[in-house]
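Me: Please take a close look at one part of this structure, the nonpolar core. I am new to it, so tell me what builds it and how it sits in the whole.

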Amino acid sequence: MKKILNVGIVGLGYWGPNLVRNLRALPDCRVKTVCDVSEDRLRHICSLYPGVEGETDYQRMVADPEIHAVLIATAVRFHFPMAKASLLAGKHTFIEKPMAASVAECEELIALAKQKGVTLMVGHTFLYSAPVRRIKQIVDNHDIGELRYISARRLNLGLFQKDINVTWDLAPHDISIILYIMNERPLSVNCRGGAHVTRGIEDVTSLSLTFAKERTAIIHSSWHDPRKVREMTIVGSKRMIVYDDIAPQEKIKVFDVRVERPPHYDTFAEFQYAYHYGDIYSPYIKQDEPLRTECAHFLECIQQNRVPVTSGEAGLEVVRILEASSRSLKLNGAPVELTPAATA
Ligand SMILES: NC(=O)c1ccc[n+]([C@@H]2O[C@H](COP(=O)([O-])OP(=O)(O)OC[C@H]3O[C@@H](n4cnc5c(N)ncnc54)[C@H](O)[C@@H]3O)[C@@H](O)[C@H]2O)c1
């Protein structure tokens, strides 16, 4: 029989309550404590979920011997100290994206989780979404031919953050999806951007990732755009996929289109690109809440001692790219090389 896991959740601002709602609905789990420094947020969440204890002191929650796992949904600067305290107390630990503020912090947390023998997972929610899983399947089956490039746009007006730029805020989603699909670490990273509203905090950035075999990815992130856009295009040598996460239905469309160079030609007059235009189809996708799947995966990994899909190592790879993007921004977009390695 499975053991009931008691969890504590810290950070009840915009995102944390979604973790509370989803974990409350899962079997084999009891949301024992919720924690926030804001008494108002605590009162509000505790009134929605009678029986859940409210706590303003994080250290006290972490010290509770009845709590098996801690989920952290606070601002990025708190991720490392809070996760470290949770791991040191021997708790399974879930950290919202991005995992921490630097590669060094991520590495320390991974080592600590190993030493304590507990599960460490990062909230890269999109890897638990049905459309992203379907895209991965289509790409891995070579239905689009050789993968050539991916472009992503994640734009809207706000929410402006005060301590991290838009790449650190929005691009972790796209980076995690791109690494999942590409299944390798990029060779280099370029990033340019503009800080139009808050000095020193870019609200619009363009991030390029260069992979082996001339494969590339481009990520446009913005808090400074009139429309909400969450779009990704995956271009293969035979077909292309467009993923629109805002679309209520038909989030993925596969376009049977391609362009080919003629195999050989003698004169420039003979040279013609061959364009192919075929059908467009939209695979059926059963809609589930990705966060529910993600929370269930965290509990399963704890129960079965399995490594999460979005492990600490996967979180580290995303932060490695974010850190390189910040260096490139300071160098006005110059490439920052990464050491080649297979991603988790
Ligand atoms: N996975 C996703 O799709 C997704 C979506 C949105 C946000 N997020 C992530 O969730 C995290 C939180 O983002 P948010 O927008 O909810 O932030 P937020 O600022 O709205 O909420 C953070 C909460 O943490 C509380 N807090 C701060 N310091 C604390 C402390 N020492 N002890 C207890 N509580 C403390 C604050 O009072 C606040 O209520 C971020 O890492 C963000 O990137 C993930």
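**The largest nonpolar core**

Reply: The largest nonpolar core holds 87 residues, and those touching the most other members are Val 7, Ile 9, Val 10, Leu 71, Ile 72 and Ile 234. Helix H7, residues 166-182, gives this core its largest share: nine residues. Both domain 1 (5-123) and domain 2 (127-290 + 320-337) supply at least three residues each. Keep in mind that this is a predicted model.

Now take one member, Ile 234. Leaving out residues up to four places away in sequence, Ile 234 touches Ile 135, Val 139, Ile 144, Ile 150 and Ile 181. Met 240 and Ile 241 are also touched by Ile 234. In soluble globular proteins, nonpolar side chains tend to be buried together.

Val 37 offers another setting. It lies in the loop between strand E2 (29-35) and helix H2 (39-48). Val 37 counts as partly exposed because it has 13 C-beta neighbours inside 10 Å, and a buried residue needs 20 or more. Val 37 and Leu 12 are 25 residues apart in sequence, and their C-alpha atoms are 9.1 Å apart in space.

Step back to the whole protein. It has nine helices and 15 strands. Of its 344 residues, 41% count as buried. Among contacts with a separation of 6 or more, 68% join residues 24 or more positions apart. The C-alpha trace spans about 80 × 45 × 40 Å along its principal axes. The radius of gyration is 22 Å, which agrees with the value near 20 Å for a compact globule with 344 residues.

How values were computed. Residues are numbered from 1 along each chain as its sequence is written. This is a predicted model: local features need pLDDT of at least 70, side-chain atom pairs count only at pLDDT 80 or more; totals for chains, interfaces and linings use all residues. A nonpolar core is a set of buried Ala, Val, Leu, Ile, Met, Phe, Trp, Tyr and Cys residues joined through C-beta atoms within 7 Å. A residue is buried if 20 or more other C-beta atoms lie within 10 Å of its own, exposed if 12 or fewer, and partly exposed in between; C-beta atoms are placed from the backbone. Helices (H or I, at least four residues) and strands (E, at least two) are DSSP runs, numbered from the N terminus. Domain bounds come from an automatic or database domain assignment. Two residues are in contact if their C-beta atoms, placed from the backbone, lie within 7 Å. The radius of gyration is taken over C-alpha atoms; the globule rule is 2.2 Å times the number of residues to the power 0.38.
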